[in-house]
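Please open the model in a viewer and keep the sequence panel visible beside it. The tour below proceeds by selection, and each stop states what is to be found there.

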Amino acid sequence: MRAEFGPVLGIETSCDETGVAIYEARRGLLAHALHSQVNLHARYGGVVPELASRDHVRKLLPLVRGVFETTGLDPAAIGGVAYTAGPGLVGALLVGAATGRSLALAWGVPAIGIHHMEGHLLAPMLEADPPECPFVALLVSGGHTMLVRVEGLGRYQILGESLDDAAGEAFDKTAKLLGLPYPGGPSLARLAGSGRPDRFRFPRPMTDRPGLDFSFSGLKTFALNTWHEAGSDEQTKADIARAFEDAVVDTLAIKCRRALEQTGIGRLVVAGGVGANRALRERLSALASGLGGKVYYPRPEFCTDNGAMIAYAGFLRLASGQEEDLEIRVHPRWSLASRTIAGGSS
Ligand code: KG4
Ligand code: ZN
């Protein structure tokens with residue numbers, strides 16, 4: 001790795017958050033800025049892709065200007081540009097990719113497309129007490145649930161993943177059918193706080209058989225049926241939210257325990273939007289310390305989508321000498337396994 005590689009500008013526009021950051025070798029994260037589109041999409045009950053793209057177009061360059069103003073850095077000092085190239089909404093991704101590549105061309109520096117989930121799994125490295133490799137990463141976002149064995153940059157072994165709805169998607173869909181406002185995950189988690197733990201018991205999908213894959217789509221049907229059978233008062237709604245959250249947290253914890261036992265690794269990284277869930281954090285911290293290990297989280301604002309994780313992943317890849325041609329390419333569907341670097345680096 002070339003230690004002298006200059007600061008990297010990171011851009012995240014894969015879904016409904018515009019994130020920008022600058023990461024540098026010596027001082028780490030210099031600045032980050034985020035614009036959330038929550039208010040834009042709230043009235044539609046979910047993300048409207050065309051509106052997301054247009055809003056990224058409006059917000060991205062002002063945010064880029066903002067991080068340069070905050071840091072006082074001259075764009076001429078930038079060593080490279082990283083942007084999320086997938087997975088995500090194609091129009092939204094294209095805004096970040098086209099802007100990132102154009103800035104890099106204008107500045108005469110290399111640019112690189114980053115896999116969004118690689119960004120998430122490296123995010124805990126930005127904290128004061130980063131995990132050493134190897135570690136097991138539980139990635140729990142809106143689009144993906146995955147357990148990954150991480151040996152180093154680009155050395156990822158997928159141990160298990162969701163066969164249908166991701167954990168965040170299950171939170172969002174269940175919240176929607178209970179009539180809770182978008183974004184569903186945090187709304188449902190808040191309601192679960194006033195729910196009683198002993199009224200309903202939801203299944204723990206795929207925990208009764210070996211393996212590390214997940215299936216959460218049945219839980220929303222279970223929630224809907226319970227809702228129809230048990231009535232629709234506010235306390236029942238909270239009790240259903242609690243039973244749903246308990247089932248997701250328990251299922252994730254069972255699979256994490258298996259993954260740690262199977263690999264013999266004690267370090268567990270939890271990242272992605274659902275990693276902001278308090279009940280999940282408490283449960284996994286207790287699990288890891290019970291096994292003599294430790295759990296590592298990004299700070300809550302870096303659990304959900306952000307530019308800092310993209311700047312950091314981009315810095316690592318660019319500083320290790322990776323380059324791409326000028327073509328603007330995005331991958332709405334993109335396997336993390338394809339980001340494995342032959343031979344890897346650690
Ligand atoms: O990683 P992320 O910001 O975006 C994707 O890459 O998908 O994750 C967003 C997901 C959404 O499904 C959202 O409902 C969920 O994370 N989420 C939560 C919480 N905060 C965000 N789910 C449960 N509890 C939370 N506190
Ligand atoms: Zn994400």
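In which loop is Pro 87 found? Select the loop between strand E4 (80-86) and helix H3 (90-107), for that is where Pro 87 lies. The model is a predicted one, and every value quoted on this tour was computed from it.

**Stop 1: unusual backbone geometry**

Display the backbone at the E4-H3 loop. Gly 86 and Pro 87 are joined by a cis peptide bond, with omega at about -15°. Next, move to Pro 183, in the loop between H5 and H6. Here too a cis peptide bond is present, joining Tyr 182 and Pro 183, and omega is about -5°.

Then select Met 206, in the loop between H6 and H7. Met 206 is not a glycine, yet its phi is positive, at about 60°. Its relative accessible area is 15%, so Met 206 is buried. These three places merit a stop because most residues other than glycine have a negative phi, and most peptide bonds are trans.

**Stop 2: helices H7 and H8**

Select residues 217-230, which form helix H7, and residues 234-263, which form helix H8. The axes of H7 and H8 come within 10 Å and cross at roughly 155°. Angles over 145 degrees count as roughly antiparallel, and H7 and H8 are therefore roughly antiparallel to each other. The crossing in which H7 passes H8 is right-handed.

Now show the side chains at this contact. From H7, select Leu 219, Ala 223, Thr 226, Trp 227 and Ala 230; they meet Thr 236, Lys 237, Ile 240, Phe 244, Ala 247 and Val 248 in H8. By class, the residues of the H7-H8 contact are 8 nonpolar, 2 polar and 1 charged.

**Stop 3: helices H5 and H8**

Keep H8 selected and add helix H5 (167-177). The axes of H5 and H8 are 11 Å apart, and the two helices pack at an angle of about 175°. H5 and H8 are therefore roughly antiparallel to each other.

On the H5 side of the contact, select Ala 167, Ala 170, Phe 171 and Thr 174; on the H8 side, select Phe 244, Glu 245 and Val 248. The contact of H5 with H8 comprises 5 nonpolar, 1 polar and 1 charged residues. Phe 244 and Val 248 of H8 thus meet residues of H5 and also residues of H7.

**Stop 4: the nonpolar cores**

Which residues have the most contacts inside the largest nonpolar core? Select Leu 138, Leu 147, Phe 202, Leu 268, Val 270 and Leu 284, which hold that position in a core of 45 residues. Two or more residues of this core come from each of strand E6 (135-140), H5, helix H6 (184-192), H7, H8, strand E9 (267-271) and helix H9 (278-290). H8 gives the largest share, 13 residues.

Centre the view on Leu 268. Setting aside residues up to four places away in sequence, Leu 268 touches Val 136, Leu 138, Cys 256, Leu 260, Leu 284, Lys 294, Val 295 and Tyr 296. Another core, of 36 residues, lies apart from the one containing Leu 268; Tyr 23, Met 125, Met 309 and Ala 313 are among its members.

**Stop 5: Met 146, Glu 161 and Asp 164**

Select Met 146 in strand E7 (residues 145-152). Is Met 146 buried or exposed? With a relative accessible area of 4%, Met 146 is buried. Beyond four places in sequence, its contacts are Met 117, Ala 137, Leu 138, Leu 139, Ile 158, Gly 160, Glu 161 and Leu 336.

Follow that contact to Glu 161, in strand E8. Glu 161 has a relative accessible area of 34% and is partly exposed. Besides Met 146, Glu 161 is in contact with Thr 145, Leu 212, Asp 213 and Phe 214, leaving aside neighbours within four places in sequence.

Finish at Asp 164, in the loop between strand E8 (155-161) and H5. Asp 164 is partly exposed, its relative accessible area being 32%. Residues up to four places away excluded, Asp 164 touches Glu 169, Phe 214, Ser 215, Phe 216 and Ser 217. Phe 214 is therefore a residue to label last: Glu 161 is in contact with Phe 214, and Asp 164 touches Phe 214.

Note on methods
Residues are numbered from 1 along each chain as its sequence is written. Chains are lettered from A and ligands numbered from 1 in the order in which they are written. This is a predicted model: local features need pLDDT of at least 70, side-chain atom pairs count only at pLDDT 80 or more; totals for chains, interfaces and linings use all residues. Side-chain values use heavy atoms; hydrogens and water are left out. Axes are lines fitted to C-alpha atoms, for helices over the stretch in contact, and angles run from 0 to 180 degrees between N-to-C directions. Helices (H or I, at least four residues) and strands (E, at least two) are DSSP runs, numbered from the N terminus. Angles under 35 degrees count as roughly parallel, over 145 as roughly antiparallel, 65 to 115 as roughly perpendicular and the rest as oblique. A crossing is left-handed if the near helix is turned anticlockwise from the far one by less than a right angle, and right-handed if clockwise. Contact means heavy atoms within 4.5 Å. Ala, Val, Leu, Ile, Met, Phe, Trp, Tyr, Cys and Pro count as nonpolar, Asp, Glu, Lys and Arg as charged, and the others, Gly among them, as polar. A nonpolar core is a set of buried Ala, Val, Leu, Ile, Met, Phe, Trp, Tyr and Cys residues joined through side-chain atoms within 4.5 Å. Buried means under 20% relative accessible area, exposed over 50%, partly exposed in between (1.4 Å probe, protein chains only).
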